[in-house]
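This report looks at the salt bridges of one protein and then sets them against its overall make-up. Please keep the structure in view while reading.

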Amino acid sequence: MASDNPLLRHMGVQDFFGGLVEDDAPHGEIHVVGLGGALNEGSSSERLLRYALERCAERGANTSIFTGGDLDLPIYAPFNDERTDKAKRMIEALRAANGIILCSPCYHGTVSGLIKNAIDYVQDMYKDEAPYFEGRAVGLIAAAGGWQATGSTLATLRAITHSLRGWPTPMAVAVNTSLPVFDEAKTIVDEQVKTQLDIMAEQVVTFAGMSARR
C-alpha cells in the first residue's frame with residue numbers, strides 16, 4: 001500500500017508503512033466514517049469533511065457521513081439508555097468502522113457543542129470488543145474564521161481521540177475559512193488545503209487497511 005504522493009515520500013511515511021504492510025497484501029474491507037459539520041447545511045466544515053471522505057473513497061474505502069441534522073441528538077446522559085434512531089445509526093456505523101474522520105467548526109476556541117455531544121455517545125461502545133475508538137485511525141479537521149482557534153480545536157480533538165483510545169493520523173488539517181478556501185460554487189480551491197486533506201485521507205485509509213487485515 002505504498003504511497004504515490006511525493007510529499008508523503010518526502011516525509012518518510014511511505015517507508016514507514018512499507019515496513020509494516022506489503023504492497024501485495026490482501027485488502028480487508030475498509031470503512032471510514034465521518035462526523036462533522038454544523039446544523040446549517042453546506043457549512044464549511046461539512047464541505048471539508050465530504051472532500052476528505054471522497055479522497056478516502058478514491059482509495060477504495062467505503063464511507064459514510066454524519067453531519068448537520070444527523071448529529072442533532074439529545075444531550076448525552078449516561079444514566080439514560082434510550083436512544084433515538086439517529087444515535088443508533090451513528091453508533092452502529094462507528095462500530096463497523098476501522099477509520100474515522102472528525103471535523104469540527106471552531107466555536108469560542110474549541111469544538112462545537114454539536115460535535116462534542118455526538119462524540120459523547122461513543123460511551124455506548126465502552127463494553128465492545130474494540131471499545132470506543134480502539135484500534136481505529138482518526139483523521140482530524142478544524143475549521144475557523146481565523147488561525148488562533150484552529151490550533152486549540154485540533155488539540156482538543158486530538159486529546160479526545162487519545163482518551164477514546166484512537167490513533168490520530170500524523171497529518172491533521174487546520175483551515176482558516178476567512179481566506180479564499182472555496183469558490184462561489186462552494187468548491188475547495190485552496191491547493192494547500194486540498195493537499196493536506198489528501199494526505200490525511202491517505203493516512204486514514206492506510207492505517208485502516210492495516211487494521212482490516214488483522
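## Salt bridges in the predicted model

In this predicted model, aspartate 124 and arginine 83 form a salt bridge in which the closest N and O atoms lie 2.6 Å apart. This pair links distant parts of the chain, with aspartate 124 in the loop between helix H5 (113-120) and strand E5 (137-144) and arginine 83, 41 residues away, in the loop between E2 and helix H4 (85-96). Aspartate 124 is partly exposed, at 24% relative accessibility.

A salt bridge also joins glutamate 202 to arginine 59, with 3.5 Å between the closest N and O atoms. Here too distant parts of the chain are linked, since glutamate 202 belongs to helix H7 (residues 191-212) and arginine 59 to the loop between helix H3 (44-58) and strand E2 (62-67), 143 residues apart. Glutamate 202 counts as buried because its relative accessible area of 9% is under 20%, whereas arginine 59, with 27%, is partly exposed.

Arginine 55 and glutamate 54 meet through their side chains in a further salt bridge, and a network of salt bridges links Glu54, Arg55 and Glu58. Arginine 55 is buried, at 10% relative accessible area, while glutamate 54 is partly exposed, at 43%.

| Salt bridge | N to O distance |
|---|---|
| Aspartate 124 and arginine 83 | 2.6 Å |
| Glutamate 202 and arginine 59 | 3.5 Å |
| Arginine 55 and glutamate 54 | 3.8 Å |

In total, the count comes to 11 salt bridges. The protein has seven helices and seven strands, and 50% of its 214 residues are buried. Of its contacts with a separation of 6 or more, 76% are between residues 24 or more positions apart.

Technical notes. Residues are numbered from 1 along each chain as its sequence is written. This is a predicted model: local features need pLDDT of at least 70, side-chain atom pairs count only at pLDDT 80 or more; totals for chains, interfaces and linings use all residues. Side-chain values use heavy atoms; hydrogens and water are left out. Helices (H or I, at least four residues) and strands (E, at least two) are DSSP runs, numbered from the N terminus. Buried means under 20% relative accessible area, exposed over 50%, partly exposed in between (1.4 Å probe, protein chains only). Contact means heavy atoms within 4.5 Å. A salt bridge is a side-chain nitrogen of Lys or Arg within 4 Å of a carboxyl oxygen of Asp or Glu.
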